[in-house]
Amino acid sequence: MAQQDIIDSEDLPTNLTQNEHFQDVVARATERRGFLKKGLGLSAALFLAGPLAACGGSSGSDDSSAGGGDGGDGGGTPAEPLLGFKAIGISTADTITVPEGYSAVSFVPWGTPLMAGAPAWKGDGSEDAAAQALQVGENHDGIHYFAIDGKNGEGEDSTEGLLVMNHEYCTTVGGGTYQWLFGPNHSPEDWDLDKAHKSMNAHGVSVIHIKRSNGKWDIVQGSNYNRRITAQTEMELTGPAAGDVLVRTNADPTGRKVFGTINNCGNGWTPWGTYLTCEENFNNYFGTTHADGDQRDDAQKRYGLSATSTGYRWQEVVDRFDYVKEPNESNRFGWIVEIDPFTPNSIPKKRTALGRIKHENAAYNLTADKRIVVYSGDDQANDYIYKFVSEGKFVEGGDNSRLLDKGKLYVAKFNADKADDADFLGKGEWVLLDKDENATLRADARFPNQAAVLVYARLAGDAVGATKMDRPEWVSVHPSNGDVYVTLTNNSGRAESNAANPRNENIYGHIARWRETGGDAAAMTFEWDIFVLAGNPNVYGDDDARGRAGSDNITKDNTFNSPDGLGFDKAGRLWIQTDGQYSNAGDYEGQGNNQMLCADPVTKEIRRFLVGPKECEVTGLTFTPDSKTLFINIQHPGERGDSHWPNGSGMPRSATVIVTKDDGGVIGS
Ligand code: FEO
Ligand code: CA
Ligand code: CA
C-alpha cells in the first residue's frame, strides 16, 4: 500500500500500551562486530563496543556458521558468487529498469479479461461491477507460481502453471477519490451500489492459468482454473474462533460463512500446494454513517477501524461495512485465508488459529518433526511478529487440509540478552497466546475463551508484553538453514529505541533476522540479529549520529528506503523490494523510484537489481521451479497522477512484470 501518502494508517500506532521498550536492554547487546558506519551516535555505539570478530561487509570465514550453506553450493571448492549480475543505478524514469543481460515485460495488468465473457479493458474506468468481476483486479501484491503439476505438493513444470496473486486495494491517495478505478474524471458525488461493488470486485485474488510458448508467457484462455475471488466471494471461517459469538452477525448467525477477502497484501503458500492470502488493512473498510459519529469500542480502536467515513465508502451503501449496524463484521477480516487454486470451486478458508492481525504475509517452515510453522508480521508502527505451530504433522501427498486449524499461536519478544552465537546480537522468546496455558491471559476478562484471544490477538500480544517493532512487513525463511528474515519498513514516529529497533525516527527501515534454537522452527527461543539498517550516504555520508548513514552494507550505490517485500530464491539469494518515499529529494535524495535489490545473506552484500516506474511500489515475487523466470508486481504506479506505465499513455495500471535472463540462465546468477 502506498507509502508516499503521509496519512498511511500503518504509520500511526494504535498500540498505546506501555510494554517494555529495549532502551534499557540495548546496552547488553553491545558485543558485536561493527555494523554501523563510523561516527557512531547514541544507539549505534551501543552495538560497537565488543571484542567479537570484525566482519561487516566482507565475507569473513567466521561468518560460515552452522547451516549457512547456500542451497546446493556446499562442498569444499569455491562456489560461484551468489550475486552474478551487474548492479544498476537508480532511476526516476517511468519504466522498468533491469541489469544488462536481463529483460522485463509487463503482464496481466489491472482490467485484463480473465473469465469467459470479460470485456477488453476500456481504458476510461467505465466498466461496471459485473465486468470488473471478470477482469484482473487492481493493485497487484503478493504472488505465487504453482507449477501445473503441483497439486498436493511442489511441482516442477517451469512452462505452465497457476499464477495466483493478490489485489490489495484501489488507489485512493488524496482522500478516497478512486482516481483510476472509475477513470480520472470520476466525481465523488457519483456514488452508488454498483460503484461499491466494482470496488469490491477489484479487490481479492486472481488465479491465472499461464503457459509459455516460443519464449512468451500467455493466459490459457478458457481454462477452468482461471478464477476471480473478490470481496464478495463466499468463504468459510474455520478453526477455534469459527462460530464464536464474536464472529456472528445478523446475516450469519452461524459465525462461519463470510463473504469476501479484503486488503490482500503479501502472501504465502504451503508445501501441500495451497495459497495463503493475507488480510492486512481491513480496518480501512469499516466506518459508519451514524449521526453521532465515533461509536468504536476499545478493540475496534486498537485495530484502527475508521471512526466515521472511509476512503472506500462501502459502508455508505453496504450495511455490513458499517460497524454500528453490524459490529462483528470486522471481526471476520484480518485473517490468513487458504485457497486451493487447483480446485476451482473450492471455498476459501479463513484460518482463525493463526490469529487476527493486519497480516502482511505468511512464511512457512517445517519443524524437525514435520509440523507446519507459519510466521506473520502485523504491519503497524509498534506492533508484533507472530508464529503459529500446528498440532498435526505434514504428510507429503496426504490430506493436510486441516493442519492450519489446530495448533498454538505465539508472539515474539526480542530480548537484549547477549546472543551466544557471535553472528547474532540478542536473544528472543516466543510467548504462547493460549487462554488456558498463559496465566496472564487466563486472568484477563477480555478473553473469556480462546476464540477471543485469536480475534483480539493484538490485545493478547499487548497483555503479554510482546516487542514493539518498526512496522513488520514480509517474513521469509532461508531455504537451507531456516533463518528467518523480516522487513521492518520504517517507523518515523519511534521516540524510544530498543535493541531490535535501534533507531528513533526510523525513516529508512531495516531488516532483522533470527535463528530458532537448535535450528528447529518449533523452538520456544531464538537468537536475533540486524541484517541491514537502510540509510542514505548521499545525505548523511558515513557519519551520522542517528545512524541514518545506514549499516556497513549500505553505500551510495545501493541506497534505498522502506524495505517491504522479501523472499529467498532456491539458492538462498535474498530479494528485497521497497515501498518507500520516491521523491528522490531531501532525506531520499539519490534513491529514485521504488526498487528491488538482491542480497547475499552470508557476505551481506546488497545490489540493486530492478527499478520500477514512477509513483509505484515493487511488491511480491515468485520464481518458476527452474529459477529462470521471475514474476514480480508493480503496485499503484502513478498514484499521484504522474505515470502512464505500462501502456505509455492513458491511465497507469498495476501489473505483473516477468523478468528473464537473455541467456536463459538463473535469475540473479
Ligand atoms: Fe500491504 Fe504492509 O503492506
Ligand atoms: Ca507491503
Ligand atoms: Ca509498505
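Me: Before anything else, what counts as a donor here?
Reply: Donors are N, O and S atoms within 2.8 Å of the metal (3.2 Å for Na, K and Ca), and since water is not among the atoms, sites may look incomplete.

Me: Ok. What spacing do the donors of the calcium ion (ligand 2) follow along the chain?
Reply: The pattern is E-x112-E-x90-D. The residues are Glu360 (OE), Glu473 (OE) and Asp564 (OD), with Asp564 (OD) listed twice, at 2.3 to 2.8 Å.

Me: What sort of model is this, and how's the numbering done?
Reply: This is a predicted model, where local features need pLDDT of at least 70, side-chain atom pairs count only at pLDDT 80 or more, and totals for chains, interfaces and linings use all residues. Residues are numbered from 1 along each chain as its sequence is written, chains are lettered from A and ligands numbered from 1 in the order written, and side-chain values use heavy atoms, leaving out hydrogens and water.

Me: Back to the metals: which residue coordinates both calcium ions, ligand 2 and ligand 3?
Reply: Glu473 does, and the two ions are 3.8 Å apart.

Me: And what else holds the calcium ion (ligand 3)?
Reply: Besides Glu473 (OE), there are Asp564 (OD) and Asp579 (OD), at 2.3 to 2.4 Å. Their spacing in sequence is E-x90-D-x14-D.

Me: Are Asp564 and Asp579 buried or exposed?
Reply: Asp564 is buried, at 2% relative accessible area, and Asp579 is buried at 2% too. Buried means under 20% relative accessible area, exposed over 50%, partly exposed in between (1.4 Å probe, protein chains only).

Me: What about Glu360?
Reply: Glu360 is buried as well.
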